[in-house]
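Trainee: Before I plan anything at the bench, I would like to go through this structure with you, one question at a time.
Mentor: Gladly; let us have it in front of us and start with a single residue.

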Amino acid sequence: MGRDIVSSSLDQSPTPMPEALAFKRINDPIKNQINGCATICVRQDDSGQLLRVLYESLITGGLAGVVVEAALYPIDTIKTRVQAARDGGKIIWKGLYSGLGGNLVGVLPASALFFGVYEPTKQKLLKVLPENLSAVAHLAAGALGGAVSSIVRVPTEVVKQRMQTGQFASAPDAVRLIIAKEGFGGMYAGYGSFLLRDLPFDALQFCVYEQLRIGYKLAARRDLNDPENAMLGAFAGAVTGVLTTPLDVIKTRLMVQGAGTQYKGVADCVKTIIREEGSSALWKGMGPRVLWIGIGGSIFFGVLEKTKQILSERSQKSHNP
């Protein structure tokens, strides 16, 4: 219908123009109006979609991160103390919630920031990449989200682990004394080792989870329910937790050493641990780490998908009252 209208209005001829030629004249005012309107509508729709995705990602990521940290913090504390203890060192079982409050203050914006980057990046990459390269989109989005959120996550992790190992009594004291003794850079102690652990961890965990969901949905020919999302999240977390345990040990040692600088960097840390404690020390805390990340993955992705579903339903209701 549109082809006939344009043909008759421009050429005064009853013969319909071919589709490829109907809008060929660049200076035609009707074409310009239609193209301009379409461009504005698409741009407005794209920007509105991006803002909605960003808003939902910030909420879902922040909520999921806080729930996991609050629920599993004692296991994380045990893992940190096991990794920080040198050969023959005692593990203290008291104060397993040390540093929880300060950690939650940092985890909320860090998790929100991660998903505020991850979800829009993932969706953008999935649009431009071939379908068989979806794993690349998930890997890249996970790594980018981890890199950006590390600005908040590293200081939070430094304070948390110093408190977990009994170095400080409160988060404000920890921040004040770390800066006083080590300078502001002390808040980013072990930053390189953190990226070395978290970039592959985030990339792998989210890639494994997303790919499992894609495969599961294709096999089941339906959307996943809450227990299934939790199960896949637990598996993705546990597998990635095992693979990245040595990197986590190195990160923990560098973060908790303080001003003493027992280790001069990642390479020196690896050499010293192997020389003084044996290579098995690089796998310290694997049990509680896998338990923590496995259970945490089930809670995290379960809460994440449920929150996304609730927000999506609310958004649809608001657009279709």
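Trainee: Is Leu51 buried or exposed?
Mentor: This is a predicted model, and the answers that follow should be read with that in mind. The relative accessibility of Leu51 is 57%, and the cut-off for this class is over 50%, so Leu51 counts as exposed.

Trainee: Which residues make the nonpolar surface patch of about 250 Å², and in which helix is the place of Leu51?
Mentor: The patch is made by Leu51 together with Leu54 and Leu58. As for the position of Leu51 along the chain, the residue lies within residues 29-84, which form helix H2.

Trainee: How many helices and how many strands are there in the protein?
Mentor: Read from the N terminus, the elements run α-α-α-α-α-α-α-α-α-α. The count accordingly gives 10 helices and 0 strands.

Trainee: Of the 321 residues of the protein, what percentage count as buried?
Mentor: On the outside, the protein exposes about 16,600 Å², of which carbon and sulfur atoms supply 65%. On the inside, the share of the 321 residues that count as buried is 41%.

Trainee: How far apart in the chain are Lys122 and Glu210, whose side chains meet in a salt bridge?
Mentor: Their side chains approach to 3.1 Å, N to O. Lys122 is buried at a relative accessible area of 7%, and Glu210 is buried as well, at 10%. Lys122 belongs to helix H3 (residues 100-128) and Glu210 to helix H6 (residues 191-220), so that the pair links distant parts of the chain, 88 residues apart.

Trainee: Which helices hold Arg153 and Asp202?
Mentor: The side chains of Arg153 and Asp202 meet in a salt bridge at 3.1 Å, N to O, and the two residues are 49 apart in the chain. Asp202 is buried, with a relative accessible area of 3%. Arg153 lies in helix H4 (residues 134-164), and Asp202 lies in helix H6.

Trainee: Why are Lys308 and Glu305 separated by about one helical turn?
Mentor: Lys308 forms a salt bridge with Glu305, with the closest N and O atoms 3.9 Å apart. Lys308 counts as partly exposed at 23% relative accessibility, whereas Glu305 counts as buried at 10%. Both residues sit in helix H10 (residues 286-319), and the separation is about one helical turn because they are 3 residues apart.

Trainee: How many salt bridges does a search of the whole structure find?
Mentor: Some of them share partners and join residues into one network, including Asp76, Lys79, Arg153, Asp202 and Arg289. The search of the whole structure finds 24 salt bridges.

Trainee: How many aromatic pairs does the structure hold, and what kind of pair do Tyr188 and Tyr191 form?
Mentor: The structure holds 13 aromatic pairs. The rings of Tyr188 and Tyr191 have centres 5.8 Å apart and planes at 70 degrees. Planes over 60 degrees apart put a pair in this class, so Tyr188 and Tyr191 are edge-to-face.

Trainee: Which residues do ring pairs link into a cluster with Phe300 and Phe301?
Mentor: Phe300 and Phe301 are both buried, and their rings form an edge-to-face pair, with centres 5.3 Å apart and planes at 85 degrees. The residues that ring pairs link with these two into a cluster are Phe114, Phe115, Tyr118, Phe206 and Tyr209.

Terms used. Residues are numbered from 1 along each chain as its sequence is written. This is a predicted model: local features need pLDDT of at least 70, side-chain atom pairs count only at pLDDT 80 or more; totals for chains, interfaces and linings use all residues. Side-chain values use heavy atoms; hydrogens and water are left out. Rings of Phe, Tyr and Trp (its six-membered ring) pair if their centres lie within 6.5 Å; planes under 30 degrees apart count as stacked, over 60 as edge-to-face and the rest as tilted. Buried means under 20% relative accessible area, exposed over 50%, partly exposed in between (1.4 Å probe, protein chains only). Helices (H or I, at least four residues) and strands (E, at least two) are DSSP runs, numbered from the N terminus. Accessible areas come from the Shrake-Rupley method with a 1.4 Å probe; for residues, only the protein chains shown count as cover. Patches are made of residues with over 30% relative accessible area and no salt bridge: like charges are joined within 9 Å, nonpolar side chains (Val, Leu, Ile, Met, Phe, Trp, Tyr) within 5 Å. A salt bridge is a side-chain nitrogen of Lys or Arg within 4 Å of a carboxyl oxygen of Asp or Glu.
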